[in-house]
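Colleague: I am new to this structure and should like to learn how to read it. Could you guide me through its features in turn?

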Amino acid sequence: MNKKIIILLLIISTNICFSRTRSDIDTLLNSITTTNSKRINTTIAAKKIIAKGTSILSTLSTFFTDASRTKIYSECHNRTLTKGEVAIIIADKIKRMPYFEMTGIQNCTLTFCDNNPNLIEYYFSYIDINEFQSRYNQWLKSEEKQLKTK
């Protein structure tokens, strides 16, 4: 009987922690205020997310499919970015993604987006966001396994 209660408490506390972290990230993503996507990572909110490190990447990836429009303009795509795209840019700053594995596109010489520090942003027009999120989460799991075996 006591074991069941302990397990239940662990499950509840894990869900509360995940929920709180997700809520914190959501708040920070919503408070990124810059007019140009090139400056996302210089904002205080983005720096706070980046400072959380790799432990929040799986939670951050839950935002990748969020199609809510932001006020952040991308010169590369001549449109405002979605909240999901902002989350992808920040995730890439926390841990550089293997772009070919994530996007299926091997092209390091894209030139339409000069002087943009957000390399993943170059690929936004070419990716299926649901497939991207799935590939990203698979990649994260394989990275975690590699760290555990070292």
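Modeller: The following exchange takes up the overall fold, two residues, and then the salt bridges. Please keep in mind that this is a predicted model.

Colleague: How many helices and strands does the protein chain have?

Modeller: The protein chain has six helices and two strands. Along the sequence they follow the pattern α-α-α-β-β-α-α-α.

Colleague: What share of the residues counts as buried?

Modeller: Buried means under 20% relative accessible area. Of the 150 residues of the protein chain, 39% count as buried. The chain exposes about 9,100 Å², with 55% of that supplied by carbon and sulfur atoms.

Colleague: Is S37 buried or exposed?

Modeller: S37 counts as buried because its relative accessibility is 1%. S37 lies in the loop between α1 (2-30) and α2 (44-51). Beyond neighbours within four places in sequence, the contacts of S37 include I72, Y73, L81 and N118.

Colleague: Where is T103 found, and which residues does T103 touch?

Modeller: T103 is in helix α5 (residues 99-103) and, at 10% relative accessibility, counts as buried. Leaving out residues up to four places away in sequence, T103 touches I120, Y123, I127, F132 and R135. The side chain of T103 also reaches the backbone oxygen of Y99 at 2.6 Å. In addition, T103 and D128 are 25 residues apart in sequence, while their C-alpha atoms are 8.2 Å apart in space.

Colleague: How should one read salt bridges, and how many does a search of the whole structure find?

Modeller: Side chains of opposite charge can pair when their charged atoms come close. A search of the whole structure finds seven salt bridges. One of them joins the side chains of K83 and D26, at 2.2 Å from N to O. K83 lies in helix α4 (residues 83-94) and D26 in helix α1, so this pair ties together parts that are 57 residues apart in sequence. K83 is buried, at 8% relative accessible area, whereas D26 is partly exposed, at 23%.

Colleague: Which residues are linked with K83 in a network of salt bridges?

Modeller: D26 and D66 are linked with K83 in such a network.

Colleague: Where do the partners E75 and K38 lie?

Modeller: The side chains of E75 and K38 meet in a salt bridge at 3.2 Å, N to O. E75 lies in the loop between β1 (69-74) and β2 (79-82), and K38 in the loop between α1 and α2, so the pair ties together parts that are 37 residues apart in sequence. E75 is partly exposed, with a relative accessible area of 40%, and K38 is partly exposed, with 25%.

Technical notes: Residues numbered from 1 in each chain as written. Predicted model: local features only at pLDDT ≥ 70, side-chain atom pairs only at ≥ 80, totals over all residues. Heavy atoms only, no water. Helix = DSSP H or I, 4+ residues; strand = E, 2+ residues; numbered from the N terminus. Buried < 20%, exposed > 50% of the residue type's maximum accessible area, 1.4 Å probe, protein only. Areas by Shrake-Rupley, 256 points an atom, 1.4 Å probe, with all protein chains shown as cover. Contact = heavy atoms within 4.5 Å. Polar contact = N/O pair within 3.5 Å; in protein donor to acceptor, adjacent residues only side chain to side chain. Salt bridge = Lys/Arg side-chain N within 4 Å of Asp/Glu carboxyl O.
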